[in-house]
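Dear colleague,

Please find below the structure that I am handing over to you. My notes on its contents follow directly after it.

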Amino acid sequence: MNSRTQARRIPEVEPRIDYVQCDGLVVMKMVKHCHEESLNNMDVAQGALLGLVVQNRLEITNCFPFPKNDEIMDEEEYQLAMMRRLRWVNVDHFHVGWYQSADVGNFLNVSLLESQYHYQTSIEESVVLIYDTAKSARGFLTLKAYRLTPQAIQMYKEGEFTPEALRTLKIGYENLFIEIPVVIKNSNLTNIMMSELEEMIPEEEGTKYLDLGTATVLENQLRCMMDRVDELNQEAMKFNRYQQLVVRQQQEKNRLLAKRAQENAARAAKDEPPLPDDDINKLMRPVPVPPRLNPMIVAGQINTYRESGTAELSIVAGEVLTVMRDNVGDGWCEGFNQSGKSGLFPAAYVQVVEAAASMSSAMTSSQQSSGDYWDDDWDDDSEVGQTQAYVPNQQQQQQQHTIQLTQEHSTIDYGDAFSMQTIHSVIPERPMPNIPKKNNKFSTLIKSGEDSFLSGIRIPTISESEKIYVEEVEGGHCRWVPKGESYNCVVTSPKKESKLKGLKSFIVYQLTPTFNNIQVSRRYKHFDWLHERLEEKYCFIPIPPLPDKQISGRYEKQFIENRRTQLQEFVDYVCRHPVLARSRVWEHFITCTDEKRWKAGKRLAEKDEVIGVNYFNAIQCPESSLDAIKVEIQTDAYSKFISGLDPVVKNFMAMAVDQTKKNLVLYKREFQKISQSFTALSHALEVDDSSRGRLTHALKVTGEAYNDIGKLYEEQPKFDWEPLADKFHIYRGIISNFPDVISIHKSAVQKRKDCERLVSEHKMEPQQLRELSHRTDIIARALLAEESHIQTEQEIYINQAMKTHLTEQITFYQKIVDKLREALNAYEG
């Protein structure tokens, strides 16, 4: 964008503008224009600002958008016509700047710098207003005014962007612009109307029009930041090449000068005049220095993305904050610090300073009076830790709170690490637990007392229902003996629910086992608790993994359905396992509907002593001894098989995920391009009257066919690649956990070898060795039984998954063939 007015002399002293006063209706016009451009074609919205300078303030009283490129009227003529008509109706028509939209705080680029330079050198007091559509859509009106600094104007005036020139001017991306405070002024009638609207529309109703999610914003921001980092890397490579050329040129020059010195020495010996060095200097022309303006701007863009985040406020321990809203969603509060900077911060990391005592009592009373949700840490739907919620009374919700950060968290810049919290009010000081780590089977064995089991000390009482049986089959293989009839359990109907009067939201999944068809409701937090109990209890069985925990976007429809599918895979595997399917904690999980019985069963499971290595006492095996050498060879072979299989399955999963992404974006876009080309050809041929008819119609049909094929690619992953990835997510988790199971057997074998040495040294009774060997055989048979179960799973269910995948692929490509055949018939018909 170039200036449309005559250039003026650059003043030696910058005009004094303390602040920009913008009319409220002007702001609404800018907001409307910027959001329309952003929604329609993702273009940058730009327009002219009109007003006048009054003493030390710039008053903006009107604005109008610049015409689009596809409009007939020239942009300069359009602006002149607009200002002429505004003058006719006695409206301020003096050009005082321009405005532009931005996304997530990033507006710095070469085009904006050049445009503002032309404006500011032509109109001394002109400013550029930047309106951020992304931040404003999330509830933060972001409107800022900027002017170029004298250093930036001098830089553009000289036209030198070399490192030396920038260093001389002491200019960087942080001092290209000066931010001017913006004041929005409304008329008295407008203020009265806004006051009435505020009473008519509660704040809670207004927030539903905002985009308070963080997933899309974070994704776009990180993608843009990565693009800018790549661009900065390219600029760095250019400068490195320049430095290499300079060094090579200097080396070549030194070589030529040394050679010329030798020639002159030889000529001097012959009393001949020396040759001049000027021709060498003329030959070695200076390497052009790459301009450093673009790298400086890219660095500024990266810094803007880093600072903007999702409108979060950087906070430090002990800092006092003022809360403006304590219920903006996803466990975040809105407020400002003592420096006046405003933004979002996590409610879990602050406490009310003046109301700590009353808060504690309020929390206690609210927990005691609430009987519609489970106790302990089950009230939190967070996927990072358990933080106890507190419900403020109505007075506390209506007034602003001054809060202080807890000392446990020191200095933290909150980007997105805790955006998943669902606490909607300020809570008392309490440390934040880390993500629970996966139990290590071998450490569980040690803690539970390996020596106690192998030595037969402190054998717990095992009920009949807890006993599990292993039988030997042909070929010396072992397998789990199934108990009872097989059954399935269906995970359906995920829905969003809330409690504490809507302050806490969570997703509930319905589980229905086929043996009773009674539906129970469970949250992801319950599945996580179940997974911990199963890992703790069955150290000899690799427990299938749960879906990965999510930082943000947990209430998006696509994510919820994908999680439901992965939970179904987890449930299916547990139902198929002969031991896990009959576990008391699992049966309690899928059958209990009564709150009191649920709490009692939960506490009973957490206090269970028959866990880890102690559960080997519940395994009933044949009394015959195993061939220790044969078992050891078989176990080592399977361990090597698992080690080789793990990276292959990992790569297979990565391939499935990559194919899903390509179907959703890349392949769809490519076929849309093909469709557009055929459609454009059809439109071009329509210009010729003799070409109308069957050919143009057939080309249109072909374009539509390719467009439909692109849509088929977009919809296909949920039928083939995503189910396959979900199946291998379970399979890979089993494989990655199995080495821990093998390590238990290796530890027991090593213990038996140590005891055999003690017997040979007459330091241990042979009867004790026989009993220890029998218990080692129990561990070995459990390992062999689990190996057989995994082999059965891979032979039957992975085979079935592959057949389903290929069937869907055949159906998919058949649909493509049908679409292409329809296009072919259009040419032949």
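A residue is called buried here if its relative accessible area is under 20%. The model is a predicted one, and this cut-off applies to every burial statement below.

By that criterion, strand 5 (residues 127-132) is mostly covered, with six of its six residues buried. Val127, Leu129 and Tyr131 point one way from the strand, whereas Val128, Ile130 and Asp132 point the other way, and all are buried. This follows a general pattern: in a regular strand the side chains alternate between the two faces of the sheet. Strand 5 also has two pairings to note. With strand 4 (residues 95-102) it pairs in the parallel sense over six bridges, and there aspartate 132 is the bridge partner of alanine 102. With strand 6 (residues 143-148) it runs antiparallel, joined by four bridges; in this case lysine 144 of strand 6 is the bridge partner of isoleucine 130.

For the protein as a whole, there are 23 helices and 19 strands. Buried residues make up 45% of its 829 residues. Of the contacts with a separation of 6 or more, 76% are between residues 24 or more positions apart.

Next, the nonpolar cores. The largest has 85 residues, of which Leu511, Phe540, Phe570 and Phe616 touch the most other members. Helix 22 (residues 721-760) gives the most to this core, namely 15 residues. Domain 3 (442-604) and domain 4 (630-826) both give residues to this core, so it lies between them. Apart from it lies another core, of 30 residues, among them Leu113, Ile123, Phe161 and Leu166.

Two residues of the largest core deserve a closer look. Phenylalanine 540, leaving aside residues up to four places away in sequence, touches Ile468, Trp480, Tyr615, Phe616, Ile619, Val741, Ala782 and Glu786. Leucine 511 has valine 520 of strand 18 as its bridge partner. Strand 17 (residues 504-513) and strand 18 (residues 520-523) pair in the antiparallel sense over four bridges. Their hairpin has six residues between the strands, and asparagine 517 takes a positive phi near 55° there.

A separate open sheet is made of three strands in the order 15-14-19, with mixed pairing. Strand 15 (478-480) and strand 19 (619-620) are its edge strands, each pairing on one side only. Strand 14 (residues 468-472) and strand 15 pair in the antiparallel sense over three bridges, and cysteine 478 in strand 15 is the bridge partner of glutamate 472.

Finally, helix 19 (residues 595-606). At 1.5 Å a residue its twelve residues should span 16 Å, and its end C-alpha atoms are 17 Å apart, which agrees. Which residues of helix 19 are buried? They are Trp598, Lys599, Gly601, Lys602 and Ala605. These cover an arc of only 165° around the axis, which puts them on the same side of helix 19. The face turned away from the buried side carries the exposed residues Lys596 and Leu604. What covers the buried residues of helix 19 includes strand 18, helix 16 (524-537) and helix 18 (584-591).

With kind regards

Technical notes
Residues numbered from 1 in each chain as written. Predicted model: local features only at pLDDT ≥ 70, side-chain atom pairs only at ≥ 80, totals over all residues. Heavy atoms only, no water. Pairing = 2+ DSSP bridges. Core = buried A, V, L, I, M, F, W, Y, C linked by side-chain atoms within 4.5 Å. Buried < 20%, exposed > 50% of the residue type's maximum accessible area, 1.4 Å probe, protein only. Domains from an automatic or database assignment. Contact = heavy atoms within 4.5 Å. Expected span 1.5 Å × (residues − 1). Arc of directions from axis to C-beta.
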